[in-house]
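Q: Please pick one part of this model and go through it closely. I would like to know what sits around it, and then how the rest of the chain is laid out.

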Amino acid sequence: MKSLIDFFERVEKLREQLNVHNYRYYVLDDPSITDAEYDRLFHELLDLEELHPELKTSDSPTQRVGAAPLAEFQPVPHSISMLSLSNVFDFNELQAFDKRIKDRIKNANSIEYICEPKLDGLAISLRYEQGVLVQAATRGDGQTGENVTDNCRTIKTIPLKLINHNIPNILEVRGEVYMPLSGFTKLNEFILEKNEKPFANPRNAAAGSLRQLDSKITAIRPLAFFAYGIGETSEVIAETHSEVLKRLSSLGFCVSPGYQIVQGAQFCQDYYEQLIQKRHTFDYEIDGMVIKINSLALQIELGFISRSPRWATAYKFPAAEVTTIVESVDFQVGRTGALTPVARLKPVSVAGVIVSNATLHNMDEIARKDIRIGDTVIVRRAGDVIPEVARVVLECRQHNTKTIESPTHCPICQSAVEKIEGESAIRCPGGLHCSAQCKEMIRHFASRKAMDIEGLGDKLIEQLVDKSLIKTAADLFQLSFNRLASLERMAEKSAKNIIDSLEKSKNTSLNRFIFSLGIRDVGETTALSLAQYFGDLTAIMQATTEDLLAVNDVGPIVAENIRAFFDDSHNQQVIRELLAANIHWPAMPQKSAENKLSGKTFVLTGTLSSMSREEAKEKLQALGAKLSESVSKKTNYVVAGEEPGSKLQKAQTLGVSILGEIEFLKLF
Ligand code: 9MJ
């Protein structure tokens, strides 16, 4: 018979092992055991804790799933206040910050700064006693925060127990809780599927997820943590900030990555400029850099002013949201005839780029945001997306603003517009008789992912259509060298290059050709699925709506669109002409519905009520799917039955798509 001491020792051992594996997986991204092995250890611990609830502790890896919901968050006073950072916005202000420091410090010549990316999340303070997480608190007003311990326990990159020996009795670790961009995208997709309101940005998503009274909800949100400082400690742990970061890293934290020690304002500026270039390569949002004095003794000497330290500042990136004025609104005609309202703005710099146009999406959006000509508006540009009007600054509204009228006729070809039932868009029914649609169609046909006709840019397409030299994509292949060379601003060399690229583009693939036709809702992926499924163009052109529905990612609307496109005699004529111009492609290896899941990797977890795990495996394999035991970034889907294991958690953390039993059954 095993004594309680034996159980206790085994439980301790399991916790230690699981903590280390958790750290290797989430912090180092370097696991040393398979998920199946992790699961086995995890379940052994779960079983032992169930058998002996008295052995349960708050730092057990089993405690990351969330606790009972709270009625409200309790206040937590910070023994050392959580300071907020002052800001600088340009090099002059940065130099002024540097000068202020040097004026205060005697031996000011060799001051070391440490530059860090500034994560855009929520500051929190984690308190460890004897190496165990006992409390997590938000910044609040800097003096008192809110107790979010249950929620923080669910974040995998927050150690429940520090992993090294030689740990101070008391250690407060400060850093940022954030939501990785990949997780944010998946979360919003999931929210949209449920017809709920998505989060506006990763910061809001992180805040909304951390400030949940029900920590079980936080547990399924993809949050992460970076450490960048310390609060109260029972002993001195370092002499410099860079040593603090190294120490935190050795205790099991992810530390603010890519920090650098530099001297002088100019080197801080260089770091800043490099960071601007790199910012979109990170899987999290940063909104600037933080500059700190490296020496902790100097930090103490400088102290703080009001609520900000004198020894640090945030150098913010140029604002991604600025105000400007809507000067007029035009309607742009897209490839499929949809009329999109575009605001012509008084030019402003948004995140370093001059913006003079912003999409207003459609008339419903204009009504919802109550945008009028003459309004002062906030323009937003995030990453590479097209600028948009975020909202009107109503306080600035003048009495002479003008409402935006929905056009009755196409601004290009004057056809009377149509409103499509059930859609917010209005459309010009002019098709290729409308020169705007004709230009957009050809632009799409020639684009890189379609026929990839190098050198056929927007300006040239415009000239060709306006001069009636081309009306359809097929006409491109009838252009002669002399015709092209006679165009304004067209050198002979360029004309020759275009003739060459037209010739080169004729050797294409079936999927590119289908994509280039510009069938509504047929993107690259659907074009590939169609090409793989049917294998040749005639089969696609002759397929019935029912045939089309058998193709992966073709639903009823897309099937209708495809059918309508090929039923149109004008489209049939253009296709005939394109083929007569010798556009060709190699034969396509055909894929049938029998392997519609080929190339997709599935992981099963938990128990399915409708079939055994073996049956599920066989069914998936019959459709060409690959089965794997462990979840990784390469996993496409995790099928979660009843009582799923830690694979589900891992899938959530990695942002892998999760199928419930019903969604799983729909595959068949
Ligand atoms: C962020 N947000 O990344 C600090 N921060 O230091 C970094 N914030 C900070 N440091 C003292 N890297 C107060 C705030």
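A: Just after helix 22 comes Asn582, with a positive phi near 75 degrees. The model is a predicted one, and the description below starts from this point in the chain. Asn582 is not a glycine, yet its phi is positive. Its place is in the loop that links helix 22 to strand 23 (601–605). With a relative accessible area of 45%, Asn582 counts as partly exposed.

The helix before Asn582 has a regular length. Helix 22 runs over residues 569–580, and its 12 residues should span 16 Å at 1.5 Å a residue; the C-alpha atoms at its two ends are 16 Å apart, so the model agrees with the expected value.

Which residues of helix 22 are buried? They are Asn571, Val574, Ile575 and Leu578. These residues take up an arc of only 100 degrees around the axis, so they lie on the same side of helix 22. An α-helix has 3.6 residues a turn, so residues three or four places apart point the same way. On the face of helix 22 turned away from the buried side are the exposed residues Ser569 and Ala580.

Several other helices supply the cover over the buried residues of helix 22. Among them are helix 12 (435–446), helix 14 (473–476) and helix 17 (510–516). Helix 19 (537–542) and helix 21 (556–567) also belong to that cover.

The start of helix 22 has a polar contact of its own. There, a side-chain oxygen of Asp568 comes to within 2.8 Å of the backbone nitrogen of His570.

Beyond the other end of helix 22, Asn582 has a contact partner in Lys506. Apart from residues up to four places away in sequence, Lys506 touches Phe477, Ala581, Asn582, Ile583 and His584. Lys506 itself sits in the loop between helix 16 (492–505) and helix 17. Is Lys506 buried or exposed? Its relative accessibility is 11%, and the limit for a buried residue is under 20%, so Lys506 counts as buried. The side chain of Lys506 also makes a polar contact of 3.1 Å with the side chain of Glu503.

Gln130 can be set beside Asn582. Gln130 is a residue other than glycine with a positive phi, near 50 degrees. The loop that holds Gln130 lies between strand 4 (122–129) and strand 5 (132–138). Gln130 is exposed, at a relative accessible area of 58%, whereas Asn582 is partly exposed.

Elsewhere in the chain, helix 2 (residues 35–51) can be read in the manner of helix 22. Its 17 residues reach 24 Å from the first C-alpha to the last, close to the 24 Å expected at 1.5 Å a residue. The buried residues of helix 2 are Asp35, Tyr38, Asp39, Leu41, Phe42, Leu45, Leu48 and Glu49. They pack against helix 1 (4–27) and helix 24 (646–654).

The model also holds a ligand. Leu83, Leu85, Glu116, Pro117, Lys118, Leu119, Glu176, Tyr228, Val290 and Lys292 are the residues around it. For Glu116, a polar side-chain atom lies 2.6 Å from a nitrogen atom of the ligand. Leu119 takes part through its backbone: one of its polar backbone atoms is 2.8 Å from an oxygen atom of the ligand. Glu176 has a polar side-chain atom 3.4 Å from a nitrogen atom of the ligand. On its own the ligand has 340 Å² of accessible area, and the protein covers 90% of that. Two elements give two or more residues to the shell around the ligand, strand 3 (112–119) and strand 10 (286–293). Strand 3 provides the largest share, with 4 residues.

As for the whole chain, there are 25 helices and 26 strands. The C-alpha trace spans about 85 × 70 × 50 Å along its principal axes. Of the 668 residues, 47% count as buried. Among contacts with a separation of 6 or more, 67% are between residues 24 or more positions apart. The accessible surface of the protein comes to about 33,600 Å², and carbon and sulfur atoms hold 51% of that surface.

Technical notes. Residues are numbered from 1 along each chain as its sequence is written. This is a predicted model: local features need pLDDT of at least 70, side-chain atom pairs count only at pLDDT 80 or more; totals for chains, interfaces and linings use all residues. Side-chain values use heavy atoms; hydrogens and water are left out. The expected span of a helix is 1.5 Å times one less than its number of residues. Buried means under 20% relative accessible area, exposed over 50%, partly exposed in between (1.4 Å probe, protein chains only). The arc is that of the directions from the helix axis to the C-beta atoms. Contact means heavy atoms within 4.5 Å. A polar contact is a pair of N or O atoms within 3.5 Å; within protein, one must be able to donate a hydrogen and the other to accept it, and residues adjacent in sequence count only if both atoms are side-chain atoms. A residue is near a molecule or strand if one of its heavy atoms lies within 4 Å of it. Accessible areas come from the Shrake-Rupley method with a 1.4 Å probe; for residues, only the protein chains shown count as cover.
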